[in-house]
Amino acid sequence: MMLFQKKKNKLNLVPFFLAILLAVAVPLAAFTETTANAAAGNAAGGFSEELNSANSQLWSSSNGWANGDDFGNGWRADHVEFGNGIMALRLDDQSCPSGCSSKSYASGEYATNNKYSYGRVETRMKVAKGDGLVTSLFTYSGPTQDTKNDEIDIEILGKDTTKLETNYFTNGDGEHSTVIDLGFDAAENFHDYAFEWSPVAIKWYVDGVLVHTETGQRGPLPTVPGNIMVNLWSGSGAAEQWTNPFVYSGTPICAYYDSIKFTPADEMQTMRPFPQHTKYVKGAIKPNYVTQQQLDNDVSKKYDEWKNTYLKKHPKKSDQYYVFYNLENVATPANAVSCSEGHGYGMMITALMAGYDSRAKEYFDGLYRFYKAHPSINNSALMAWQQMITSDGNIIDTPESDSDNGNRSATDGDMDIAYGLLLADKQWGSSGKINYRSEAKAVINAIMAKDINHSQWNLKFGDWVDDSDADYGTATRPSDFMLSHLKVFQKVSGDGNWARVSDKTYRIISSIASRYSPSTGLLPDFVVLKNGNYTPSPANLLETDRDGYFSWNAARTPWRIPIDYLISGDVRALKQIKTMNKWIQSKTKGDPKKIMSGYKLNGTDLKDNEGTIAYSGPFAVSAMVESGNQKWLNTLWKELVNSPTSSNTYYGNSIRLLSMITVSGNWWTP
């Protein structure tokens, strides 16, 4: 909003978002119950309001008054409406009750009863379009509540709903307005808007992306707790120079709000915020043709694209999130939506990107709750490997009739979920609502009990495989060879058997590479124990006729295996990694676009598959192990940055992002 003052006989437009205009006429009734405490700094705790119905314990609807000459409407409580999980603020030409009967229009305003201090204020809303209209989210404290006028604002003017205006007030001074180009029409769809308030900065976000920061350079930042408010209003009088004149069309106008949330600052703190710039083993390299800042920016951009594409809220449980792995309709059954593999990716990614994404903890906790809602039938600490959505919108574990038992676990998902929980413990601590460390230990112990063969100490396919199973008991999947995970699991659990698993895994890598791929270093999708030796699996052991080739599962090994060397310096797989790096560069003549989607272990192309970032991403990680790969690594990074998210699938985009996090120096161990 704007405050209009006359100076030297000229009309001077000063940016203003509600503070002084509200001070003209804000009644005390709606806010008095907590004003004294709030003014003293005893602000209320957090909340998450889904706006399914009016909540009088937390909120009040303004009723029977107006803000002053710059507002063309007064407030009516019955113009705050609820239905289908949405709150609508309605503006129309109905008469306003006593106290604002001079106004031509009535509209809705919704405000918290309590005041809130430092933290994150956010809403999901669809704004009203049209000259003269303003849709808002803001905090307010002011003279009518015996406090100084401090506030923080988000407002979108109906005259141009492709722009957002930010501002803040400190002791009545509000000349800090900034206009942000949204890049979309805020009146067409719901979008997320938020600001984070701390003693040293205010940061505004749109759809989780930071769009503006104020650090006090243009004037002191607010300090007084305020009520959180939303409203829809029409400009009048001098305000029309800012809003444009409002002309009522005869049809009621609405702004829509899907949710409003406040997270206190003490629940937002991250202890290892992105970027981390982990110091890898001596001699490890990163792309060197761009700055570290650019590497971090490239990761952040791909993270935003990944999150906006694949991270979804449960349609019926607003506190749960899942990774939509079947967006591109490549999985069966057709209504499959989630798998534990993708869920593990999501939990690691959100924990690693905390600090860049201020909502990372919300997303992680939502992913955690989804995981807990879908336990394996064999061990409740492990996750059922696949979920599907039913015709009525419920998400259930895929029954046996539709897949190979979606209610059982898969080892890769189990391991990444455990690792993600350990990252969360180091990121946010475990003293809150979720004890991440305790939950991680439960998963680690369950993996040891159900996913490990206790006579051979190999990683099995999942909790459904018995050690004595003639086909699968001693079989293993190299893409599960997360050697750095294994060492962390040993450290956290104190179980020395993890060293046995790690040692066995390294021996399998060495055996396969030396016997079956001495010139390529490639590992197959699956490995079996035959006559006392580990060999590539026969065709159709578990998935396809390519189970014994370097195919879609094994594509992850150039990412999974080198991480342990980069972090710990363990050289036991270094020969295999270097052989693979030398071979792939020679095979492609240094062109990542020539990396095919699969090879026989002798290096022969599986020519019916085109290249994809699911393969090139991991090769970038393996290239980090020695300086002679610098040109190759630079070329791979360019490919990862330039390949559009829209041109790839969930699998490739997820592996690309995790590979980029690693290559940029932002992978770390809890």
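Two strands count as paired if DSSP finds at least two bridges between them. The model shown in these views is predicted.

**View 1. Strands 5, 6 and 9 form an open sheet of three strands with mixed pairing.** The order across the sheet is 5-6-9. Strand 5, residues 65–66, and strand 9, residues 105–107, are the edge strands, and each pairs on one side only. Strand 6 covers residues 73–75 and is joined to strand 9 by three bridges. Strands 6 and 9 run parallel. Within this pair, Gly-74 stands opposite Ala-106 of strand 9.

**View 2. Strands 23, 24 and 25 form an open sheet of three strands with antiparallel pairing.** The strand order is 23-24-25. Strand 23 (336–339) and strand 25 (395–397) stand at the edges; each has a single partner strand, so one side of each has no neighbour in the sheet. From one strand to the next, the twist averages 30°.

**View 3. Strand 23 and strand 24 run antiparallel and are joined by three bridges.** Strand 24 consists of residues 386–389. One bridge partner can be named here: Ala-336 is matched with Met-388 in strand 24.

**View 4. Helix 7 and helix 8 pack against each other at an angle of about 160°.** Helix 7 spans residues 411–428 and helix 8 spans residues 436–450. Their axes are 8 Å apart. Angles over 145 degrees count as roughly antiparallel, and helix 7 and helix 8 are therefore roughly antiparallel to each other. Their crossing is left-handed.

**View 5. Residues of helix 7 meet residues of helix 8.** On the helix 7 side, the contact includes Asp-414, Met-415, Ala-418, Leu-421, Leu-422 and Trp-428. On the helix 8 side, the residues include Tyr-436, Arg-437, Glu-439, Val-443 and Ile-447. By class, the residues of this contact divide into eleven nonpolar, no polar and five charged.

**View 6. Gln-427 lies in helix 7.** Is this residue buried or exposed? Gln-427 has 0% relative accessibility and so counts as buried, the cut-off for buried being under 20%. Leaving out residues up to four places away in sequence, Gln-427 touches Gln-269, Thr-270, Met-271, Arg-272 and Pro-273. Gln-427 also touches Ala-351, Ala-354 and Trp-668.

Note on methods: Residues are numbered from 1 along each chain as its sequence is written. This is a predicted model: local features need pLDDT of at least 70, side-chain atom pairs count only at pLDDT 80 or more; totals for chains, interfaces and linings use all residues. Side-chain values use heavy atoms; hydrogens and water are left out. Helices (H or I, at least four residues) and strands (E, at least two) are DSSP runs, numbered from the N terminus. Axes are lines fitted to C-alpha atoms, for helices over the stretch in contact, and angles run from 0 to 180 degrees between N-to-C directions. Angles under 35 degrees count as roughly parallel, over 145 as roughly antiparallel, 65 to 115 as roughly perpendicular and the rest as oblique. A crossing is left-handed if the near helix is turned anticlockwise from the far one by less than a right angle, and right-handed if clockwise. Contact means heavy atoms within 4.5 Å. Ala, Val, Leu, Ile, Met, Phe, Trp, Tyr, Cys and Pro count as nonpolar, Asp, Glu, Lys and Arg as charged, and the others, Gly among them, as polar. Buried means under 20% relative accessible area, exposed over 50%, partly exposed in between (1.4 Å probe, protein chains only).
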